[in-house]
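Here are my notes on this one, written as numbered points so you can tick them off while you look. Please keep the structure open beside you as you read.

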Amino acid sequence: MVLLSVLILVSCKKQEIKTTSLASIQITNAVVGGSELRFGTNAATIPNNTYTVYGILTGSQVLKLSSTIAPNLMYYNQTKDFVNGGVYSLFLTGTPTEVESVFLKEENIPSHTTDVFGVRVINLVAGGVPISVNLQGSANGSFVSSLVYKAISTFKDVSSVSAEGDKVFEFRNAATGDLITSFTVPNYDLPIFRNITLVFGGVLGTEIVLRANNY
């Protein structure tokens, strides 16, 4: 009878399920003349001029990013703190021998319920002038008035009605208004209800713009 009681108590005891606390980090590899990068021991790598999203354990974590090409130059090696459910971004710029970075804990990624998407801009061109951004046909600086090196704007709403056509973003010298380059988000690939970051990178005179999707 005692044994039966013990079995009943054991069978009625609630089973504890332990979950792993995770955050996420989006890493953008905009290093000029850089190589594909490996993040720690992750199988998924980060080709140059693109981005990859990873899950990461919470707490204090060492972020190591190294070239996949021998002699596997270390691009980044820093310790950061992560909270459960947190969303983070790491942008790498500079050159392979002088890598610079911008690390963000994302606090204000907006959600959308109408026909819009969010766009922000980061300036990663070292030695360049402050830039302004406008949508084609709008006044200079009407989307972003001025961004210095390694500065990032807030997200702003852009219409995602495909019938309006492509969305062309013009990047200009903030002081003179001279056009530096442009980037097109085509009407067939508008990130409806979502958000993107336009990464202004490259070097002075050969600037490029990369699109990173912040879903």
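**Rings, charges and one sheet**

1. Start with Lys-156, which lies over the face of Phe-143, 5.7 Å from the ring centre. Keep in mind that this is a predicted model. Phe-143 will come up again below, and with 7% relative accessibility it counts as buried, because the cut-off for that is under 20%.

2. A search of the whole structure turns up six aromatic pairs. One of them joins Phe-143 and Phe-169: the ring centres are 5.5 Å apart and the planes meet at 75°, so this pair is edge-to-face. The limit that matters here is 60 degrees, since planes over that angle count as edge-to-face.

3. Where do Phe-143 and Phe-169 lie? Phe-143 is in the loop between β10 (131–135) and β11 (144–147), while Phe-169 belongs to strand β13 (residues 167–173). The pair therefore ties together parts that are 26 residues apart in sequence. Phe-169 has a relative accessible area of 0%, so it is buried.

4. Now look at Phe-171 and Phe-200, an aromatic pair that is stacked, with 5.4 Å from centre to centre and 5° between the planes. Phe-171 sits in strand β13 and Phe-200 in strand β15 (residues 195–203), so this pair ties together parts 29 residues apart in sequence. Are these two rings buried or exposed? Phe-171 is buried, at 0% relative accessible area, and Phe-200 is buried too, at 2%.

5. There is also a ring cluster to look at: ring pairs link Phe-82, Tyr-88 and Phe-103. Phe-103 has a charge to go with it, as the charged end of Lys-80 sits over its ring, 4.9 Å from the centre.

6. On to the strands. β15, the strand that holds Phe-200, is part of an open sheet of four strands, ordered β12-β9-β15-β16, with mixed pairing. Which strands are at the edges? They are β12 (156–159) and β16 (206–213), each of which pairs on one side only. From one strand to the next, the twist averages 35°.

7. Last, a closer look at one strand pair in that sheet. Strand β9 (residues 116–123) and β12 pair in the antiparallel sense, over four bridges. If you want a residue to click on, try Gly-118: its bridge partner in β12 is Asp-157.

How values were computed: Residues are numbered from 1 along each chain as its sequence is written. This is a predicted model: local features need pLDDT of at least 70, side-chain atom pairs count only at pLDDT 80 or more; totals for chains, interfaces and linings use all residues. Side-chain values use heavy atoms; hydrogens and water are left out. Rings of Phe, Tyr and Trp (its six-membered ring) pair if their centres lie within 6.5 Å; planes under 30 degrees apart count as stacked, over 60 as edge-to-face and the rest as tilted. Helices (H or I, at least four residues) and strands (E, at least two) are DSSP runs, numbered from the N terminus. Buried means under 20% relative accessible area, exposed over 50%, partly exposed in between (1.4 Å probe, protein chains only). A charge sits over a ring if NZ of Lys or CZ of Arg is within 6 Å of the ring centre and within 35 degrees of the ring normal. Two strands pair if DSSP finds at least two bridges between them. Axes are lines fitted to C-alpha atoms, for helices over the stretch in contact, and angles run from 0 to 180 degrees between N-to-C directions.
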